[in-house]
Amino acid sequence: MITCVSIGPGDLGYLTRHGAALIEDADVVAGFDAVVNFIRPLISADAQIVTMGYKDQTEKLKQVADLHHEGRKCVVGFMGDLHFSGFQLLERVEIACGHEVKTLPGISSAQILASRGKVCFDETTFVTFHRRGDIEPFKKHLVTVLKEGRNAIVIPLPWSFMPKDIAKFLLDSGCDPNHQTEVWENLTQAEMDWRGPLSSLTQDFTDMSIMLIRTRKEMPSQLEK
Ligand SMILES: C[S@@+](CC[C@H](N)C(=O)[O-])C[C@H]1O[C@@H](n2cnc3c(N)ncnc32)[C@H](O)[C@@H]1O
């Protein structure tokens, strides 16, 4: 009676039909404000909407869990695909409910970025800093990834470890200043915002931004036939 639905990266064209059907059929739809705003056109007029922010999420999820235990069909929306940078929220939903809940996969912002940037998953590692707790192990992991010659798709930590901070950290850690880097903001709605060598990345972006750091020199379109 409660499903965590991945809503895609902010454009209903990337929401699965399964996800849309669950949202349309729900008695209760919950999620962070930005997530609910994206799926609002699909929510039934009779449905109860529970929006939350970082500060009140525990209490709002408890409210949703109570409605679920009363027998209402509940959906909690997750940005992108919940399997990337979504498990801490999933854990909070399960703690509020007191049991495991169903999950529905979706299209991640990382997948859209891989497609726009034409990088292949096989040679790319996904790293997120958008989490609670110690990010140091993830910083070290990113350095290793780049030094081993893999591309990295990176979600920053709003607002404390943003693209320019990540670039500075990588340069201080001895990474190649010439890694071609891209930052995309609201990537289903806009074109690439910034491209250049890692060493030139000094500008500010919003929290809806994601980075691609390339280590491979050539892209498929540049290969000779
Ligand atoms: C908590 S993480 C969740 C990521 C999500 N599960 C996914 O698969 O895309 C939220 C962060 O993902 C990134 N993000 C999600 N959608 C995005 C979009 N459309 N454009 C750029 N970045 C996006 C932003 O960095 C945002 O702060």
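## How two helices cross

In this predicted model, helices α3 and α4 cross each other in a right-handed way. Who does the touching? On the α3 side you'll find Gln57, Thr58, Leu61, Lys62, Val64, Ala65 and His68, and on the α4 side Arg92, Val93, Ala96 and Cys97. Sort that contact by class and you get six nonpolar, three polar and two charged residues.

To find the pair in the structure, look at residues 57-69 for α3 and 87-97 for α4. Their axes sit 8 Å apart, at an angle of about 50 degrees. An angle from 35 up to 65 degrees falls between roughly parallel and roughly perpendicular, so α3 and α4 count as oblique to each other.

## Two domains

Zoom out, and the protein splits into domain 1 (2-104) and domain 2 (109-222). The C-alpha centres of domain 1 and domain 2 are 28 Å apart. Where the domains meet, domain 1 puts in eight residues and domain 2 puts in 13. The domain 1 side of that contact has three nonpolar, four polar and one charged residues.

## Around the ligand

Which residues come nearest to the ligand? Out of the 25 around the ligand, they are Pro9, Gly80, Ser108, Ser109 and Leu187. Two elements, α5 (109-117) and β10 (209-213), give two or more residues to this shell.

Both domains take part here: domain 1 and domain 2 each supply at least three residues of the shell. By class, the shell around the ligand has 13 nonpolar, 10 polar and two charged residues.

Notes. Residues numbered from 1 in each chain as written. Predicted model: local features only at pLDDT ≥ 70, side-chain atom pairs only at ≥ 80, totals over all residues. Axes fitted to C-alpha atoms, helices over the stretch in contact; angles between N-to-C directions. Helix = DSSP H or I, 4+ residues; strand = E, 2+ residues; numbered from the N terminus. Parallel < 35°, antiparallel > 145°, perpendicular 65-115°, else oblique. Left-handed = near helix turned anticlockwise from the far one by under 90°. Contact = placed C-beta atoms within 7 Å. Nonpolar A, V, L, I, M, F, W, Y, C, P; charged D, E, K, R; others polar. Near = placed C-beta within 6 Å. Domains from an automatic or database assignment.
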